[in-house]
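Work through the exercises below with the sequence and the model open side by side. Each task is followed by a solution in steps.

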Amino acid sequence: GIYGVGKAAACPPALAVLSHTPSGATQTIAWVGKGIVYDTGGLSIKSKTAMPGMKQDCGGAAGILGAFYATVKTGFSQNLHAVFCLAENAVGPNSTRPDDVHTLYSGRTVEINNTDAEGRLVLSDGVVYASRDLKADLILDMATLTGAQAISTGKYHAAVLTNSAEWEKNVVTAGQISGDLAFPIVYCPELHFSEFTSAIADMKNSVADRHNAQSSCAGLFIAAHLDFDFPGVWIHVDMASPVHVGERATGYGVALLTALFGGLSSDKYLQYVGQNVALNISSLS
């Protein structure tokens, strides 16, 4: 997981958590951000043209940090945790190798067949921590996860994968209201998760067929560690393309999350926004 991805870097990896726990809260929400501060690809190293710009690979964590600050400052009525999965995917003597088998925080084993598919490894630890340790009812992870996201939903819309049809609609509506656009991708683990089949571990970390719903599969890898029968709501936002325009960051995610959860805010404007996102946003069911 996080350790396996970041163990070759000069600065050690970390799981960092910010928590807002107001009195009277009855629900717990966790936002989990991919914070790869630089991504060389590891031993499955990126090319000289693909590596520049990989300082943006912490865009999910950055968006969640901004959204957490804004949400707490405007008065959030429920428990809110921001979980940051922080690592540098570096090259060195201690680098994870293709063919290594790692045991993640979930207890499941993963055969590494691509060290450049590292975001799903750190996020898997993060969502399991959110469920097991923070007891979250709703878990949303946000990440610059796949280059295939742009193929699936384009440059301006993040890809949304979730186990809840209702929250899928909520995310799309929040995107339309906030300007942080989002669009659903197919959620079908019974057809797609077999892409990760391994002969020696519970799963591989990269798909066998890159033409088979690659962005959906990447999200399903994370869901598998949380468990496909997770009783709460799980939302995955892949914002690899909308995180930047050219060489500059857009701040994607701050407006999306504040709008999506506006109904739980004490700010009247955000409450109004939340009412337009969903009539029953006060319930996490």
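**Exercise 1. A lysine in a loop**

Does Lys46 count as buried or exposed, and at what relative accessibility? Then find its charged partners.

Solution. The model is a predicted one.

Step 1. Locate the residue: Lys46 is in the loop that runs between β2 and α2.

Step 2. Apply the cut-off: buried means under 20% relative accessible area. Lys46 has 17% relative accessibility, so Lys46 counts as buried.

Step 3. List the contacts. Leaving out residues up to four places away in sequence, Lys46 touches Asp39, Thr40, Gly41, Met51, Met54 and Asp116.

Step 4. Pick out the acidic partners. Asp39 and Lys46 form a salt bridge, with the closest N and O atoms 3.6 Å apart, and Asp39 is buried too. A salt bridge also joins the side chains of Lys46 and Asp116, at 3.0 Å from N to O.

Step 5. Place the second pair in the chain. Asp116 sits in the loop between β5 (109-111) and α3, while Lys46 is in the loop between β2 and α2, so this salt bridge ties together parts that are 70 residues apart in sequence. At 24% relative accessibility, Asp116 counts as partly exposed.

**Exercise 2. Two buried aspartates**

Asp57 and Asp141 are to be compared. Determine which charged or polar partner each one has.

Solution.

Step 1. Asp57 forms a salt bridge with Lys34, and the closest N and O atoms are 2.9 Å apart. Lys34 belongs to strand β2 and Asp57 to the loop between β2 and α2, 23 residues apart. Both residues are buried.

Step 2. Extend the search to shared partners: Lys34, Asp57 and Glu118 are joined into one network of salt bridges.

Step 3. Turn to Asp141, in strand β6 (residues 138-143). Asp141 is buried but has no salt bridge. Lys34 is the nearest side chain of opposite charge, 9.9 Å away, whereas a salt bridge needs the nitrogen and oxygen within 4 Å.

Step 4. Look for a polar partner instead. The side chain of Asp141 makes a polar contact of 2.5 Å with the side chain of His236.

Step 5. Check the surroundings. Beyond its sequence neighbours up to four places away, Asp141 touches eight residues by name: Val32, Leu123, Val127, Ile222, Trp234, Ile235, His236 and Val237.

**Exercise 3. The nonpolar core**

How many residues has the largest nonpolar core, and which of them have the most contacts inside it?

Solution.

Step 1. The largest nonpolar core has 39 residues, and Val32, Leu123, Val127, Ile139 and Trp234 have the most contacts inside it.

Step 2. Assign the core to elements. Two or more residues come from each of α1 (2-6), β2, β3, α3 (119-132), β6, β7 (158-162) and α7 (214-226). The most comes from α7, with eight residues.

Step 3. Follow one member. Trp234 has contacts that include Val127, Ile139, Leu161, Tyr187, Ile222 and Leu226, and also Asp141.

Step 4. Apart from this core lies another, of 34 residues, among them Phe76, Leu80, Ala174 and Ala278.

**Exercise 4. Helix α2**

Which residues of α2 are buried, and what do they pack against?

Solution.

Step 1. α2 covers residues 59-73 and reaches 21 Å from its first C-alpha to its last, close to the expected 21 Å.

Step 2. Its buried residues are Gly59, Gly60, Ala61, Gly63, Ile64, Ala67, Phe68 and Thr71.

Step 3. These pack against β1 (14-20), β2 (28-39), β3 (79-89), β6 and α8 (254-260).

Notes
Residues numbered from 1 in each chain as written. Predicted model: local features only at pLDDT ≥ 70, side-chain atom pairs only at ≥ 80, totals over all residues. Heavy atoms only, no water. Helix = DSSP H or I, 4+ residues; strand = E, 2+ residues; numbered from the N terminus. Buried < 20%, exposed > 50% of the residue type's maximum accessible area, 1.4 Å probe, protein only. Lys, Arg positive; Asp, Glu negative; His and termini not counted. Polar contact = N/O pair within 3.5 Å; in protein donor to acceptor, adjacent residues only side chain to side chain. Contact = heavy atoms within 4.5 Å. Expected span 1.5 Å × (residues − 1). Core = buried A, V, L, I, M, F, W, Y, C linked by side-chain atoms within 4.5 Å.
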